[in-house]
Amino acid sequence: MWYNNILETIGNTPLVKLNNITKDIPATILAKIETTNPGNSIKDRMAVKMIEDAEKSGKLKPGGTIIEGTSGNTGMGLAMAAIIKGYKCIFTTTDKQSKEKVDALRAFGAEVIVCPTNVEPEDPRSYYSVSTRLEREVPNSWKPNQYDNLSNSQAHYEQTGPEIWAQTEGKITHLVVGVGTGGTISGTGKYLKEQNPNIKVWGIDTYGSVFKKYKETGIFDKNEVYPYITEGIGEDFLPKNVDFDIIDLFEKVTDKDAALMTRDIARKEGIFVGNSAGSAVAGLLQLKDKLKPEDVVVIIFHDHGSRYMGKMYNEDWLRERGFLKDEKLTAATIIDKKDKTEIVTIDCEKTILEAINTMHMLNISQIPVTQKEMVVGKLAEGDILKALMENPSLKSAKVQEIMSSGFPFVDLNTSIDRISALINIENSAVLVETEGGKIEIITQYDIINAISA
């Protein structure tokens, strides 16, 4: 058997039992692995449904252009379908989204416009507003508007819900989903509750989003809205696809807990998933006291980990945000293990002969060069030798005439792996500014000394 095109492979994703990260939860936890869709996310389902419904209604015409604001995954589904069906795509997204997501959209031939995150939805610079303006300006274009287009929820009512019901043989008691557009949780939850009204539907929200407070109080509180790192869930407005009557409760998860849990899913379950899955599991763990041993929980794993390599799966990125403090050596711990000696520098106005004498006296091969006490470059034995071989009279010239670009600066939280990668033939050291504003130097010798200490 074969499929006529890639779109026919969407759906029928596996349900996999979680065993390690959920060992403290008194229930059976099953993950719906949506990464097996051809676009590696659950958004493939609703992207195709929105396009097909628009074709039927006449809103999307042959040769048209699809314009959408997307965090990446919906865009992937739309772009894939557009290739098969003969449409062009223009996507707007935010500068919060991972580079991998943007690169993936461009790989499918889509035009991607990156907009600022920290603006109001109605701001003309927001990715919502830019996509709306482009729809007005681009001839024969159509904006799916995944947030308010109810074909989004309908796709999950028709596909995801029935799949979960059949796969659990009707034993599901709880559905746990990270909520962004609301289509997945509302459509899937509606179908499941029609089969069994006792099924609980739990939405996972993030701090900085409005959903939880609105569900609990009916108040849309703008003061709840502030920038957050977590991708794919939470909103600063109320999409029409979020059916608050279907969702029994919302649980908020911090950026840190979501990011670290995303990594734990890969490390403890061998399942490579994205940030919203981390949020969903972290939220489920916070709600574990509401579960009983006989419960069967289905949790949606929305998308693939490959879209987060520069973020949740990057230890330096995690450290820079204070999310990760593990036993691995960092610039700070290497400095702590160093001999406490003052870093020696030379001013760019000094002569090359003075630099030679300083380096000879201290038995060093490279020296940072400063200008008004700021590091502006470095001088190495190789630089001096090359310059004097070409012109011996340069001994009286200023250091700045032959210095090369400075040592790389790293953050105190930078890992030993990153520092080691920066130290090479061109750079025998890196510089670090301490919390007190003092400049420290780390050489390969310092790294070796720290490891063996």
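This passage describes the sheets, one helix, one buried loop residue and the two largest pockets of a predicted model.

Strands of a sheet pair through backbone hydrogen bonds, either parallel or antiparallel. In the model, one open sheet consists of four strands in the order 5-4-3-6, and the pairing within this sheet is parallel. Strand 5 (111–115) and strand 6 (141–142) stand at its edges, where each has a single partner strand, so one side of each is left without a neighbour in the sheet. The partner of strand 5 is strand 4 (residues 88–94), and the two are joined in the parallel sense over five bridges; within this pairing, threonine 94 has cysteine 115 of strand 5 as its bridge partner.

Strand 12 (366–371) takes part in pairings of both senses. With strand 11 (residues 346–347) it pairs in the parallel sense over two bridges, and here aspartate 347 stands opposite threonine 370 of strand 12. With strand 13, by contrast, strand 12 runs antiparallel, and six bridges join the two, with valine 369 standing opposite glycine 377 of strand 13. Strands 12 and 13 form a hairpin that has two residues between the strands, and in this hairpin lysine 372 takes a positive phi near 55°. Strand 12 is also mostly covered, since five of its six residues are buried.

Strand 13 (374–380) reappears in the surroundings of helix 14, as what covers the buried residues of this helix includes helix 13 (352–362) and strand 13. The buried residues of helix 14 (residues 381–390) are Ile384, Ala387 and Leu388. These residues cover an arc of only 95° around the axis, which puts them on the same side of helix 14. The face turned away from this buried side carries Leu385, Lys386, Met389 and Glu390, which are exposed.

A buried position is also found outside the helices and strands, in the loop between strand 1 (15–17) and strand 2 (28–33), where isoleucine 21 lies. Isoleucine 21 has a relative accessible area of 9%, and because buried means under 20%, this residue counts as buried. When residues up to four places away in sequence are not counted, isoleucine 21 touches Met261, Asp264, Ile265, Lys268, Glu269, Val281 and Leu285. Isoleucine 21 and alanine 282 are 261 residues apart in sequence, yet their C-alpha atoms are 9.5 Å apart in space.

Rolling a probe the size of a water molecule over the atoms shows where empty space is left. The largest pocket holds about 670 Å³ of space, and among the 46 residues that line it, Lys96, Tyr128, Tyr228, Gly234 and Glu235 are the closest to its centre. Helix 2 (73–85), helix 4 (127–137), strand 7 (174–178) and helix 7 (183–195) each supply at least two residues of this lining, and the largest share, three residues, comes from helix 7. By class, the lining of the largest pocket has 16 nonpolar, 22 polar and eight charged residues.

The second largest pocket contains about 560 Å³ of space and is lined by 22 residues, of which Lys338, Ile364, Ile441, Thr443 and Asp446 lie nearest its centre. At least two residues of its lining come from each of strand 12, strand 16 (439–443) and helix 16 (444–452), and helix 16 provides the largest share, with four residues. The lining of the second largest pocket divides into ten nonpolar, seven polar and five charged residues.

Methods:
Residues numbered from 1 in each chain as written. Predicted model: local features only at pLDDT ≥ 70, side-chain atom pairs only at ≥ 80, totals over all residues. Heavy atoms only, no water. Buried < 20%, exposed > 50% of the residue type's maximum accessible area, 1.4 Å probe, protein only. Arc of directions from axis to C-beta. Contact = heavy atoms within 4.5 Å. 1 Å grid on protein atoms, 1.4 Å probe; cavity = no way out; pocket = protein on both sides within 12 Å on 5 of 7 lines; lining within 4 Å. Points joined across faces, edges and corners; volume = space filled by probe spheres on them. Nonpolar A, V, L, I, M, F, W, Y, C, P; charged D, E, K, R; others polar. Pairing = 2+ DSSP bridges.
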